[in-house]
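Dear colleague,

I am handing over a structure that I would like you to look through at your own pace. Please open it first, and then read the notes underneath with the model beside you.

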Amino acid sequence: MHTENQATSILQQRIKSMPSQLAILGSGWSRVLEGAEIEAEVGFQEWLGVSASVPGHDGKLVIAKLNGHRVAIMAGRLHTYEGYTAEQVTLPIRVLAAAGVTELLVTAACGGLNPEYQVGDFVILNDVMTLFLALDNPLVGPKFLDMSAVFDVELRAKAKAIMTKHQIRFQEGSYCYYHGPNYESPVDKRALHILGADVVGMSTVPEVLVARWLKLKVTGLAFVTNLAFVKHDHKEVLAAAEAASSQMVTVLQEFLTSASEN
Ligand code: HPA
């Protein structure tokens with residue numbers, strides 16, 4: 001894997017000016033690129049020296065125009081379950097923040113733990129559970145980060161307004177990071193719910209920690225692809241996300257193109 005300096009210099013050669021907004025597209029969220037005007041594309045292999053290895057994750061950084069508005073999009077991400085440390089997984093965030101990104105939208109697929117949630121619900125994240133990053137924290141050193149309000153309140157309200165306007169079913173809840181790659185067992189899921197998590201997934205939290213340390217404004221959107229206590233596999237996760245892809249495109253387009261007006 002490239003070092004931060006290598007990834008920075010490759011980016012500087014390939015992308016002349018960095019938009020202020022970055023969206024990371026998780027499993028199933030990539031359709032928004034189909035309607036975008038692509039200005040530049042750098043594959044993870046070239047940029048980071050490694051590629052994303054999961055079906056549903058392309059692994060590229062794209063500079064695109066959505067409705068005429070320039071944004072940076074990571075289609076795919078690295079995960080700790082692929083064997084990377086949380087510090088490696090968050091290298092793109094550090095490089096992109098240094099290049100000028102000030103606002104991050106993280107998206108993910110997730111499993112619902114809260115019994116009120118249904119497959120197909122969008123979740124505007126209002127908190128993250130970091131307990132399970134205790135042995136592999138992406139913040140190395142005396143970085144005593146305040147976590148009292150990780151997600152930007154105004155941007156959360158904006159996400160809520162977009163969902164309401166388009167009559168998209170949504171929840172507001174907390175996301176728990178789980179290392180994976182195995183899905184949680186029934187008792188894991190019961191335990192995570194008792195601990196306070198509404199949804200669970202295998203990403204997002206490392207990026208959020210680093211982004212907050214670097215003072216980015218962060219929004220998190222998750223999409224419930226399966227319910228916790230029902231058997232499920234990765235194909236079903238992708239199929240559930242595919243079924244809602246037009247809603248995802250609407251939400252992303254509207255969120256990303258109106259964010260800079262704040
Ligand atoms: N658990 C963890 N990650 C996930 C899930 C799940 O149930 N669904 C989608 N990503």
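The notes below go from the whole protein to the ligand and then to two details of the backbone.

Please keep in mind throughout that this is a predicted model. The secondary structure of the protein comes to nine helices and nine strands, and its C-alpha atoms fill a box of roughly 50 × 40 × 35 Å when this is taken along the principal axes. For 262 residues, a compact globule would have a radius of gyration near 18 Å, and because the protein has 17 Å, the value agrees with that expectation.

Turning to the ligand, you will find that it sits in the largest pocket. The elements that give two or more residues to the shell around the ligand are β5 (103-112), β8 (199-201) and β9 (217-227), and the largest share, three residues, comes from β5. There are 13 residues around the ligand, of which Cys 110, Gly 111, Glu 184, Lys 189 and Asn 226 come nearest. By character, the residues of this shell divide into six nonpolar, five polar and two charged.

Which residues place a polar side-chain atom by a nitrogen atom of the ligand? For Asn 226 the distance from such an atom to a ligand nitrogen is 2.6 Å, and for Glu 184 it is 3.0 Å. Gly 111 takes part through its backbone instead, with an N or O atom that lies 3.4 Å from a nitrogen atom of the ligand. Taken alone, the ligand exposes 260 Å², and the protein buries 95% of that area.

Finally, two places in the backbone deserve a careful look. Most residues other than glycine have a negative phi, and most peptide bonds are trans. The peptide bond from Gly 180 to Pro 181, however, is cis, with omega near 5°, and Pro 181 lies in the loop between β7 (170-177) and α6 (186-195). Asn 67, which is not a glycine, has a positive phi near 45°, and this residue is found in the loop between β3 (60-66) and β4 (69-75).

With best wishes

Technical notes. Residues are numbered from 1 along each chain as its sequence is written. This is a predicted model: local features need pLDDT of at least 70, side-chain atom pairs count only at pLDDT 80 or more; totals for chains, interfaces and linings use all residues. Side-chain values use heavy atoms; hydrogens and water are left out. A residue is near a molecule or strand if one of its heavy atoms lies within 4 Å of it. A polar contact is a pair of N or O atoms within 3.5 Å; within protein, one must be able to donate a hydrogen and the other to accept it, and residues adjacent in sequence count only if both atoms are side-chain atoms. Accessible areas come from the Shrake-Rupley method with a 1.4 Å probe; for residues, only the protein chains shown count as cover. On a 1 Å grid over the protein atoms alone, a cavity is a set of points where a 1.4 Å probe fits but cannot get out, and a pocket is an open set with protein on both sides within 12 Å along at least five of seven lines; lining residues have an atom within 4 Å of a point. A molecule sits in a cavity or pocket if more than half of its atoms lie within 2 Å of its grid points. Helices (H or I, at least four residues) and strands (E, at least two) are DSSP runs, numbered from the N terminus. Ala, Val, Leu, Ile, Met, Phe, Trp, Tyr, Cys and Pro count as nonpolar, Asp, Glu, Lys and Arg as charged, and the others, Gly among them, as polar. The radius of gyration is taken over C-alpha atoms; the globule rule is 2.2 Å times the number of residues to the power 0.38.
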